[in-house]
Amino acid sequence: MSHSASGPAPATDVNKPDRRGRSARPRASDRARSEARLGILLAAPAFIVMLAVTLYPIVQAFIDSLSRIRLTAPDANEFVGFGNYAVVLSDPVFWSAMWVTLFIMVVTVAVELVIGFALALVMHRAIKSLRGILRTAILVPYGIITVVSAFAWFYAFDISSGYVNSWFDWVPGVSEDLNWFASQGTSLFVIMASEIWKTTPFISLLLLAGLAQVPGELEEAAKVDGATSWQVFKRVIVPNMKAAIMVAVLFRALDAFRIFDNVFVMTNGANGTTVLSLLAYRTSIGRLEIGLGSAVSVLLFLSVVLICFVAIKLFKVDLSSARGGN
Amino acid sequence: MRRNRMVAATLGAALAVTVAGCAPDEGPPTLNWYINSDNGGQAQIAAECTEAADGAYTIETVLLPRDAAAQREQLARRLAAEDRSIDLMSLDPPFIPELSEPGFLAPVPEDVAEDVSQNVVQGSLDSATWNDELVAIPFWANTQLLWYRESVVEEAGLDMSQPVTWDQLIEVATDQDRYLAVQGIKGESLTVWINALITSAGGQIIENPGASAEDTELGLETDAGREAARIMGQIGREGLGGPGLPTADESASLQLFQGDDASFMVNWPFVWTSTQQAVEDGLIDQSVLDDFGWALYPAVTEGTDSAPPVGGINLGIGAFSDHTDLAFEAAQCIVTPEHQAFYMVNDGNPASNTEAYEDPEVQATFPMYELIRDSLEQAVPRPQTPLYNEISTGLQETWHPVSSVDPDTTPEAATELITAVLRGERLL
Amino acid sequence: MALTGRQKLWWVLITVLVLVYALFPVLSILATSFKLPGDLSSGRFLPTTWTWENYAQILAPDGSARDLFLPALRNSIGISLIATLIAVVLATVAAYAIARLDFPGKRLVLTTALGVSIFPVISIVTPLFNIWRSIGLYDTWAGLIIPYLSLTLPISMWTLAAFFRQIPWELEQAAQVDGATPMQAFRKAIVPLAAPGVFTTALIAFFIAWNDFVYGISLTSTSAARPVPAALAFFTGESYFEDPTGAISAAAVVVTVPVIVLVLLFQRQIVAGLTQGAVKG
């Protein structure tokens, strides 16, 4: 860092550094060139490390996915081209995992958006004396280990070690004899509850940042005009933080699509709760079918890329603007 | 850990055992023994064998995951990478052929094989054998018994000195509106149950165990397979297994059996020591324990012997180990009847060597020791095949939940799925 | 803002609701961790008799899971800290360049960071396993620290880049004009401004590394490197077949304590880091 401190910084852009405006300037000067060299030098280590730990393995996974490889039958390896993909894509197990994953993604993100908004509003508006305690409480699920959250929810609902059944036996459908982890709907309910509980704080913090961007005058003006709180929320707050909402939704959606820990701990995929990550894990690590497993992994990766692409192109989520500056 | 301290004393005598061997000059080599989790017994035995080796080697234990399938994952992945640091392994029997077939297990020398087969129960020997050769060293051998509540049996007038059938159990449980505790969780325990039912009915899951993946023929669509499906489906559909059945493992079954509405249970002998402990802790009334009775695993057909499940652990020696000879010596030390007796008392895991059952401590801890031994002699292992994982997972996929099992469709669906999986045409 | 009594009541009510939401699962596993094995089926929230036995199992010198848990705790702390440290150092340097210098490929670096942060971890554990096996990184600290960078580095870069953009860099020049050397100017003017951002980033990165499960179960095999979330799968009950509910709960509580302490101490910084780094600029 000491090096960089001596680096000259044009006074014009100290407050609004970087971004597009700059590239318009003439870049042939020596100073610009040495600045570029320094920039590349400084950014390179992080860049290389990021690529090394992801790009290389995913390429390897792709190569593996073209062969039939079973670890415990080392002599039987053979090249099958896209055969593994044909098997995976024509298998109902894969598609059921895909739908379950998408279902979890849609439901958790939708619920988290609602609860997250509520929590963000609470944090935003809270009176000073309560702000600290509220933020602390909301950060607890954020910091907790997902596996721990999974066990906490599992033990609470489990028919042999839980208490939820005896607490909620007045709810229709719930009784002492309800085995939450015996059918798809109820298993997914608990899995999603744990997922939502653990990750809502993250979404609510992203929304809190968005709330801070809503100009207070507008709200006041709307209130003066006699708008109800709901109208203010709908007409003023939401439109003004669309970018923040979109980014929050996209990030959480991609995260939810990769759900693994909660399912692994609670059901390990029983009762139609197998998600894509778990299928990839079970195939390549559980069954040691490296070829098939790698095919599932690559498809999972492509799905994530596709979701990201659709979000950016179709819903015009502008990550760089939302992330980069005001 | 509180339960079984007493035994430590017995061990002093047990130490003077076999292993000799000359110590190499550069200090004793360390043998890594990959163990499944237990109550500390294996670590204790490792320490004793290290001492008995007198400098020839040092055994260090390394813990494997709790789940049998996860243990296999760890070992198979590392053996496939020709890991030299794996010397000894505590192996769950069904996975032995898979590791033996590609040559991951060092061949057992003939003299060792002869030595460690002495007085070993048949079920355990079978489970350590692949292609007619002993490929692992029998250590301890588990078997399921039929546990019953004396009060229930009395009321029903059932004569437990004679073999009983599943249908009789179902009838009594239905009449008295009580639970019949079995393991219905989607896991290895379910395969154990399926296999026990099919083999008790005189069938077998794989008709030609040595065949390649493509040519494997399953014995599910047979009278035995359908009979097994009928019994399971009935227990599931009529709610006899309790509401927890779809997630019931051995522990949950025991909990159900300890409750007020229990009639019968099939489970491993750990239930005895575990319940004793709960009584000591004041969580269960002594009268519950007094009500426990035990018998041989239930039969499917009257007049035909049942085929009780066999489990346990056999010791495999890593083929890539630098010290296979020492590892075999160590294995011989580990499985002495004295150590097996200690292990049975300390960890509640039954011995595979019949001599261990002569130990007074064993007899005091497990009043049903004779029954355990007999059950082990009669036991039939799960299918011996390098494809075990696919078969077992495929069965769990189609026979779970138990309430959905139907003799007309389930065996067929399972056969279809497993066959396709073995051909590499389906995922699991 | 003056509050009426009714408003105050509302706020107290809301706070209680939020507290219940946020803390209930934690209290739930806390209660479970004090139950005896035979007490688990009571169907009640609180233990019938309270016991320390589960904690003794993972912490006491003769505890059966102690040799499993304590090394795992050491690994988790050590590996997460080192992965955090490396990520923060690399990210600080890179983020400085992004915020302050003009160079080609800036967008590429940021896009890559974004791409890596959405990467499905499960896709690469198998190839990583094979590579690690062949170069001797399997089951070592380094074998986890390196993949952890794929989790901690992207978010650190984004967060720090956002922080650095807000720093009034003219202070640095002002100090230099006042006669300070570049080093002094940097130390006195910039470090105090940048330090909170770096610290916050470290906290967030630490939480992420601490949370990992997939790498932990796939790339370790002994207590030489196994982290806590993975170790929970190795717990066992009093005997082979008994469920390790109590021991897992106790271990879960122990690893949650540092999280709660950090959150209590630094809630303001974490909130600032997540909100500024993520959406605002």
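Select A:Arg258 to begin: in this predicted model the residue is buried, with a relative accessible area of 18%, where buried means under 20% relative accessible area, exposed over 50% and partly exposed in between, with a 1.4 Å probe and protein chains only. Its partner to add to the selection is A:Asp255, with which A:Arg258 forms a salt bridge whose closest N and O atoms are 3.4 Å apart; a salt bridge here is a side-chain nitrogen of Lys or Arg within 4 Å of a carboxyl oxygen of Asp or Glu. A:Asp255 is partly exposed, at 32% relative accessible area.

The model is predicted, and local features need pLDDT of at least 70, side-chain atom pairs count only at pLDDT 80 or more, and totals for chains, interfaces and linings use all residues. Residues are numbered from 1 along each chain as its sequence is written, chains are lettered from A in the order in which they are written, and side-chain values use heavy atoms, with hydrogens and water left out.

Next, select A:Asp91 and B:Arg426, which form a salt bridge with the closest N and O atoms 2.9 Å apart. This pair crosses between chains, from the loop between α3 (83-89) and α4 (92-125) of chain A to the segment after α19 (410-422) of chain B; helices (H or I, at least four residues) and strands (E, at least two) are DSSP runs, numbered from the N terminus. A:Asp91 counts as buried because its relative accessibility is 0%, whereas B:Arg426 is partly exposed at 24%.

Move then to B:Arg84 and B:Asp322, whose side chains meet in a salt bridge of 2.9 Å, N to O. The two lie 238 residues apart, B:Arg84 in the loop between α3 (68-80) and β3 (88-91) and B:Asp322 in the loop between β11 (310-317) and α14 (324-334) of chain B. B:Arg84 is exposed at 54% relative accessible area, and B:Asp322 is partly exposed at 47%.

For a wider selection, take A:Arg70, A:Arg287, A:Glu289, B:Arg72, B:Glu98 and B:Glu390, which are linked in a network of salt bridges. Over all chains, a search of the whole structure finds 24 salt bridges.

Finally, turn to chain A and select residues 133-157, one of the stretches that an unreviewed UniProt entry annotates as "transmembrane region", an annotation that may be inferred rather than shown by experiment. This stretch is 92% helix and 0% strand, with its end C-alpha atoms 28 Å apart. Residues 290-315 of chain A, also covered by that annotation, are 96% helix and 0% strand, and their end C-alpha atoms are 36 Å apart.
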